[in-house]
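Let's walk through this model together, beginning with the nucleic acid and ending with a closer look at one helix. Keep the viewer open as you read.

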There are 2 protein chains.
Amino acid sequence: MIKCPKCLQIDFVQKAGITRGKQRYFCKDCDYHFTLPTPSATTENKRHHQVTIMDIAHQLGISKSTVSRALRGHSDIHEGTRKMILDLAQQLEYQPNPLANALLKSRTNIVGILVPEFRHYFFPTMIMGAQEVLSKAGYNVMICQSDESYETEMANVKALMSSRVDGLLVSVTAQTNNFDHFRAVLRKEVPMVFFNRVCPELETPQVIVDDYNGAFQAVEHLIAQGYRRIAHLAGPNSLLVSRLRLNGYRDALQKHGLPLDPDLVIHYDLSEEKARIYANYLLSLPQPPDAIFAINDPTAIEIMLVAKSRGVKIPQELGIVGFSNDPVSAIIEPSLTTIEQPVWEMGRQAAKLLLEQMEHPHNVTHTLPTKLIVRNSSVNLRP
Amino acid sequence: MIKCPKCLQIDFVQKAGITRGKQRYFCKDCDYHFTLPTPSATTENKRHHQVTIMDIAHQLGISKSTVSRALRGHSDIHEGTRKMILDLAQQLEYQPNPLANALLKSRTNIVGILVPEFRHYFFPTMIMGAQEVLSKAGYNVMICQSDESYETEMANVKALMSSRVDGLLVSVTAQTNNFDHFRAVLRKEVPMVFFNRVCPELETPQVIVDDYNGAFQAVEHLIAQGYRRIAHLAGPNSLLVSRLRLNGYRDALQKHGLPLDPDLVIHYDLSEEKARIYANYLLSLPQPPDAIFAINDPTAIEIMLVAKSRGVKIPQELGIVGFSNDPVSAIIEPSLTTIEQPVWEMGRQAAKLLLEQMEHPHNVTHTLPTKLIVRNSSVNLRP
DNA sequence: ATCAGTTTCGGGAAAGTTCCCGATAGTTTT
DNA sequence: AAAACTATCGGGAACTTTCCCGAAACTGAT
């Protein structure tokens, strides 16, 4: 019958219920419950196995500590032993398991990058700049895009945080008005740097360009070209860059004694469809503008396409200036006057700033310069 | 003097060397070596602490197993206990540590995506498609770009593998001729799916479009428009898509009885500079082509810019067809005829295929359809 | 031989989870 | 009331690495 594993007797063993489908026994003599071991456990389940520090230790008949020391380049080790270990490690293609390390030190060496989109030129380039310095510093990068959706942004922040990233590089969506999800990040003391679309009400370091002066220059250029009724297709008021560029626009008008017509300032959500709608709206006004300063190049390009489809001549009847110097702006006809910003450098600076934050947190704002690039979309031929 | 921690006597204690700067003692009576405990150990080092499953267990006076069961939604648990645990977890903002889980199960829930670049439309869109299905399946994404450099590609594969990604989505660089780094991935049995720029000599699943037929259609369209001397600015021979599109080009010429002039077929490395150089070269030939089929839209656009700068009229003197339907091709003037491929869908399919691979490996190739989009760059006005 | 000092190595804890399986207590059946 | 069963819980191993600290073995010097 059934033998008790304790006393090896069979006389006192009796059935004692079933647990998880398995017959359970009870030895009256030993006062001991037990089940029979499952036979499946006997099969040698090798499975796929990454080579570990223990494998090396066993093969060499030494302890894992010694192997770890050799691999990590510590000092308390014999030169011959180190060489032996290093050789075997290479031969076995040993790769340290970053998960164990991350668990132990609670750092993953991953930084998260959160952007609204990466269809256009700006964010991909920014990301490449950031990646350049981050990978050099030994960090991997996890990229999320919120698709200009506040909900997705929240979900992404959550996912990134649950992945235990060591830091965050963020550009918020056009519809983000509530910043609680970022406050949660701050509360967990995860370093975070905002770039481009920053968060002024949060005390975090940030990298921006001189949006105000860029916009100012752009509008002043239009005025110098003889345009007088200059509209501004602006971003949402929630974004600081929208407000700064709007201020630049407004002050340039004021400086040159031009009135600020509220009808000519339109805030929109940065979507392509809305850009087209508002471009059409502006051009249908009883007194349409003779120039438009667009919040960014994709917007400016949509305006140009609308204008062209309506037969409005650029730059004769409509001057246009964008912002960012998207490569497409040099390709489109007429080529688009724009404000260049050092996008790649922004990425680098943001990454550098993040690395600094990891060392010692401090609140700074880096502001990068902008530069007017005059092309054909704003050169008014009428003197 | 010094007291032995075992016998609490001082008579038998004597100095016994120094280890790491600390005086070491030996008790002759107990035959026991010891050092004095460092006083720094007394300071309570709380540090920053993520709330764990153990915190919940302690606060509730239950075991970690029970907490785990409640959180994972297992069955062996009382409904009241579960609720209590879930409530406290929410209150403490408990987030499970994915590192511990990953270490245990050796799965990170991260997939790596490796692309040559993401400045243009194609790869970002592809990535977004992939991300759509991957994030729905609970995976995070780690994106690397090789910058069309074989060395960077190797480094990226290594970094991704050392990050223990659960799978890999890859599009190789234009200069990749050696595939050993991918063989290493296969050897470690990490699922991998190639897309667009695939690796025919590796037995891996892949997602491509019907490059041959797309190219065939493109060239046949040019022929139908009356172009007779059609050049092909092709990609490097190492890429299958280059070869397939070249085949389509060649067969279309052959079908319509046009000669294949080797001088009109140029392989290049897909860099912008080379595109310009070869475009200039083609247009400077004693008998220049009257049309060019370009390997992709960015190439076609570079050709158009060169042609325009040389005063060559498109489409009258030069017909151009690209491949991919990059949004810019609709913006540029004249608008660019191109072969549309379902880029977003490619990303989705590749991701789906990867998820399938994780379940049960099987070698398949998904081929997606292409579609000719006729615009103005190829409509020959001469009948 | 005895002692101080040095070099090199090993053992064990810790990080946070999940999972296996045995252990209770309570409930129903015979 | 004994036997059989169910519901619920706890203990411990495992995943891989690093780090602390004690142990052993050695080198010279007395």
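**Around the two DNA strands**

DNA strand C has 40 residues around it, and those that come nearest are A:Arg20, A:Arg24, A:Thr35, A:Thr66 and B:Lys15. Keep in mind that this is a predicted model. Where on strand C do the atoms within 4 Å of the protein sit? Sugar or phosphate holds 52% of them, and bases hold the rest.

Some individual contacts make this concrete. On the backbone side, an N or O atom in the side chain of A:Thr35 is 2.4 Å from a phosphate oxygen of strand C, and for the side chain of B:Arg72 the corresponding distance to a phosphate oxygen is 3.2 Å. On the base side, A:Lys64 places a polar side-chain atom 2.8 Å from a base oxygen of strand C.

Now colour the secondary structure. Chain A contributes to the surface near strand C through strand 3 (32-35), helix 2 (64-72) and helix 4 (98-105), while chain B does so through strand 1 (13-19), helix 2 (64-72) and helix 4 (98-105); each of these elements supplies at least two residues. By class, that surface has eleven nonpolar, 19 polar and ten charged residues.

Turn next to DNA strand D, which has 39 residues around it; A:Tyr94, B:Arg20, B:Thr35, B:Thr66 and B:Thr81 come nearest. Of the strand D atoms within 4 Å of the protein, 55% belong to sugar and phosphate. Phosphate oxygens of strand D lie 2.7 Å from a polar side-chain atom of A:Tyr94, 3.1 Å from a polar side-chain atom of A:Ser68 and 2.7 Å from a polar backbone atom of A:Ile53.

Here strand 1 (13-19), helix 2 and helix 4 of chain A, and strand 3 (32-35), helix 2 and helix 4 of chain B, each give at least two residues to the surface. Strand 1 of chain A has the largest share, with five residues. The surface near strand D divides into eleven nonpolar, 18 polar and ten charged residues.

**Confidence, and one helix**

How far does the predictor trust chain A? Its mean pLDDT is 92, with 96% of residues at 70 or more. Residues 40-47 of chain A, however, fall below 50, and this stretch has one contact in the model beyond near neighbours in sequence.

Finally, find helix 11 of chain B, residues 297-309. Its 13 residues, at 1.5 Å a residue, should span 18 Å, and the end C-alpha atoms are indeed 18 Å apart, so the two agree. Buried residues of this helix include B:Ile301, B:Ile303, B:Met304 and B:Val306, and also B:Asp297 and B:Glu302. After the helix comes B:Gly311, with a positive phi near 80°.

Conventions. Residues numbered from 1 in each chain as written. Chains lettered and ligands numbered in written order. Heavy atoms only, no water. Near = heavy atom within 4 Å. Polar contact = N/O pair within 3.5 Å; in protein donor to acceptor, adjacent residues only side chain to side chain. Helix = DSSP H or I, 4+ residues; strand = E, 2+ residues; numbered from the N terminus. Nonpolar A, V, L, I, M, F, W, Y, C, P; charged D, E, K, R; others polar. pLDDT = per-residue confidence, 0-100. Contact = heavy atoms within 4.5 Å. Expected span 1.5 Å × (residues − 1). Buried < 20%, exposed > 50% of the residue type's maximum accessible area, 1.4 Å probe, protein only.
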